[in-house]
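Here is a short, friendly briefing to read alongside the model. Take a look at the structure first, then follow the points below.

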Amino acid sequence: MIGFLGSAGMALALLGAGLLTIRGIQTARSGERRNLEGAGRLFVVGSIVAMAALQLALLTDNFSIVYTANHHAAATPFPFDVATAWAALEGSIVLWGLVLAVFAWFMVVRYRKSPDELGAAALAVIGAVGVFFFGLMVTVANPFEVCVQAAEVGCVESSPWPFSSVVAPADGPGPNPLLQNHFMMAIHPPMLYLGYVGLTVPFAYAIGALALGVPGPEWLRRSHRSTLIAWSFLTVGILLGGWWAYEVLSWGGYWAWDPVENASLMPWLVATAFLHSAIIQQRRGMLQAWNFILVISTFALTILGTFLTRSGTINSVHSFTQSSIGPALLGFLVLVVVGSFTLFSFRADIVSTSPRVDSMLSREGAFLINNLLLSVFAFVVLIGTTYPLLVEAFTGTQVGVGEPFFNRLAVPLSFLLLLVMGFGPVTPWRSATWAQILERTRVPIVVALAAGLITALVVTRNGWVVLSITLGVFVLGSISGLASHQIQRRTAKTGESYFAAARRVFSGDGGFWAGQLSHSGIVLIAIGIAFAANLGAHLETTIEQGETIEFEGFEITYESPFFRATDSKRTQGVRLSIHEDGQFLGTLEPAANFFGDSDTGISTPDVLHGLRGDLYATMLGLPSEGSTNLNFDTSPLIWVLWLGGLTSATGGFLAYRARHRERTGRSDRQTADV
Amino acid sequence: MSNTNRLFAVAIAVMAVALVFLMSTFESDTDRVEQLGQAIKCPVCQGESIGDSPAQMARDMMALVSQRVDEGASDQEIVDELLASYSGAVLLDPPASGSTLLLWLAPAVVLVVGVGVILWWRRNPTEATQPEVKEEKPRKLAPILFLAGSLAAIVVVAGFFVQDRDGPNTGAAAIDTDNLEEVSNETMEAVIAANADHPEVSGMRLALAERYFEVGDFSSAFPHYLEVAQSPDASDPQAVTALVRLGWMAWEGNREVDAAVGLFDEALAIDDTSATALFLKGQVLWCSATDLDEAASLFGRVLEDPTLESDTRSVVESDLDALNAGAACT
């Protein structure tokens, strides 16, 4: 029954997506304002039904479909049963399809309000992407195949025909243990998908504009706004992924340049570049061709990332088992890249824009440097991720590209980006002089250098930490200097109170100031990373029960071992009490979790969060004979990193709101210039 | 430049110099063990370095790194040793030479090209006022050239993935990374079975066989050692280890002196300084009372090795004393 429901949902969505494409193309070609609502509704309702069927099967422990039979267990508790829907390949495609359909629905609603050819063409593109993903779902990655031959646990043979005689196994093996260890699994993937899949929308507008041959401000405005939304969700998703890794994987880090992390970072970097260069096109009418390239590349990178992590080409927590989805995704990637760029080159004559920068010493120049740095950054991540694959495929030798390579290139690029971030916003448009720029930045520079000197004298002389503080304070200083200058100018002109003037200034150019909020978030991220990565301490030790050790100012006492069991897992760990200067801070329970009948323990760290940083404890081996082998790490100021990520994403959402108001004309926009 | 600006410029210069000076006096306390740990990929994990992974094999390797650092080995020596004895261990810090030179060059090339494009673009304004000046020909040619280029690229890439689809990573996807003590034996069996033909599976085979061996499960260990010993892909140290273990099992399990000695000799044919092969061959000859003189000379050769660890040395010395005193083996 569930199998039938799910299959029906997929079929409806596939039909809806197909109709959306056809009717979208008809509308765009004929110019008649056809109704796209029906197709859109079919698409989104079908997707919702498919996801609902999957959830229903998981929540009611219905093992008749192959997905639950092979990835769920009756004992899996809430919310991990819900999260199991995206804990394996087929289900994650259902989530992908649902998110895509929801975005499509918002575009349909927008089209209903103000129908135009660009909107219709973009919907046709979204529909085509939907056809691909739902096509995958009904063919090579079908979660609703019904089980026709059950094993003791799980399903041996399945059939795509929902009317086949169903043999449901009594239970399934449950999801990957790593994916049922933290509630974040319920939130991180949907957030990431909202970002990742959301990047289809700007792509759809870009392709729509190219196909129609109508470049200009309209596609850019829509692509820019939809990128803001997707970018913000992607930022949150990446951040939560890092947090999940930190809380669940017991190595004490949050980012390992793992292929799947890189897969999410590459589109993020290129989308970030687009968010900046879109502003140049809006303000100065430049760089349209480059903007098309960025938007197309961003989408292509999302598909490349999906291919890399979902096809089994690369091993990681996220690469589910090998499946035949790889060639399909690769084919789609090729189609996207070749199709888009062919279309682009046919339109090359009309997309190229004529204005050029007057001087590199200008806001435009700063944006160009920013785009160059972000593109090189994205390229570094791309080549570092794919190089081992290519070398192995062509020469058969294994080469490794890991943290040392990425850090060596990404760190200097990031510092350069911070530098540009400090100068850019205060640099006038068109043409500036060094004297002008120095006059606007001299106070922030002095304050930043002072902050750097204080850090070097009081905290550490570690160059990465000192540089991150210096550059970070410079960026924050130049943003606040700019704000206070504009507010003062306004109070002088209008006689308003300082707060009223501040409100007018910030709401007057909301997009700009939201961007500066995002910049502040990036600064915090840089500082958090610099502290956690460079000033953390590490200790591997054996403690006797009742013994107290000292580590980085913490007094750690091994109280007792403990054992807990639930239906789905057994937990064996040790209880540690943590004091600082005799004052009780909390209890840590690093443990090993054993899921189902497995005798393989999944190490689960425990973290004591604090203002000066975290204490991170991992158990190495099960406790024996009254003593236990433990790993301790400190992550100084790591909360600054999380705060920075949230700040950055908040800036993105606020920028979306501000650009939305601009479009609807509710803003009394002022120029951002000083 | 105004006086104020001049003042600021001086202040900025002085502060910047002071800051750079302070940073330059910083001495990193990241120890070599940690750095080396970051630079080597854990063979049984999903993209983690041995420094990061809590897997047993990674921790063994880290212990080895730390031991070798204490013994004064150079980074290069340690890396080479690890890569030789653990297949699947890969250097994560690719050198800017050989097959990874391109990896380092490409970003630099992109940067230079990017700067070039920006400069070219800035200096060559197109005449927006005269669109008819644009030549028709290259504009129409461009898409066709692009398509042709893309097709060529697709053929190449498709070839690569067709080739790669049976690649080494397939079965290894079953490995669980973050297990506490170890990847379970069953998992390793499954991975080995899935990758049986992969040239680099020997390392994992050997690791698994060692586990069986350590708990005395000779019958499970035997086929894996045999496979490694016969595999043309196994490295020399791997083959030596496998042969030595097989020899010891032949003696310990079945008291087959000739078979055991034959296997030890095979191992010694590959590496005639292998301390374990020399010592165990001596043990077998002594314990079976086959050739006591030969046994004594073998123990002597073990002791010639200056890198022998002190506790091993004392064991061999006491055995040699016992042998010379005419005692039976212990």
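In this predicted model, the C-alpha centres of domain 1 and domain 2 of chain B are 33 Å apart. The assignment for chain B sets domain 1 at 30–91, domain 2 at 98–122 and domain 3 at 183–324, with bounds from an automatic or database domain assignment. Local features need pLDDT of at least 70 and side-chain atom pairs 80 or more, while totals for chains, interfaces and linings use all residues. Residues are numbered from 1 along each chain as written, chains are lettered from A and ligands numbered from 1 in the order written, and side-chain values use heavy atoms, without hydrogens and water.

**Nonpolar cores**
- The largest nonpolar core (buried Ala, Val, Leu, Ile, Met, Phe, Trp, Tyr and Cys joined through side-chain atoms within 4.5 Å; buried means under 20% relative accessible area with a 1.4 Å probe, protein chains only) has 168 residues, and A:Phe43, A:Leu54 and A:Phe133 touch the most other members.
- Helix α9 of chain A, residues 217–248 (a DSSP run of H or I, at least four residues), gives the most to this core, with 16 residues.
- Another core lies apart from it, with 67 residues that include B:Val191 and B:Phe279.
- Leaving aside residues up to four places away in sequence, the contacts of A:Leu54 (heavy atoms within 4.5 Å) include A:Ile65, A:Tyr67 and A:Phe144.

**Strands of chain A**
- Strand β11, residues 613–619 (a DSSP run of E, at least two residues), has 7 of its 7 residues buried.
- β10(A) and β11(A) pair (at least two DSSP bridges) in the antiparallel sense over 3 bridges, forming a hairpin with 4 residues between them.
- A:Leu608 has A:Leu615 as its bridge partner in β11(A).
- β11(A) also pairs with β12(A) in the antiparallel sense, over 7 bridges, and there A:Met619 is partnered by A:Leu630.

Conventions. Buried < 20%, exposed > 50% of the residue type's maximum accessible area, 1.4 Å probe, protein only.
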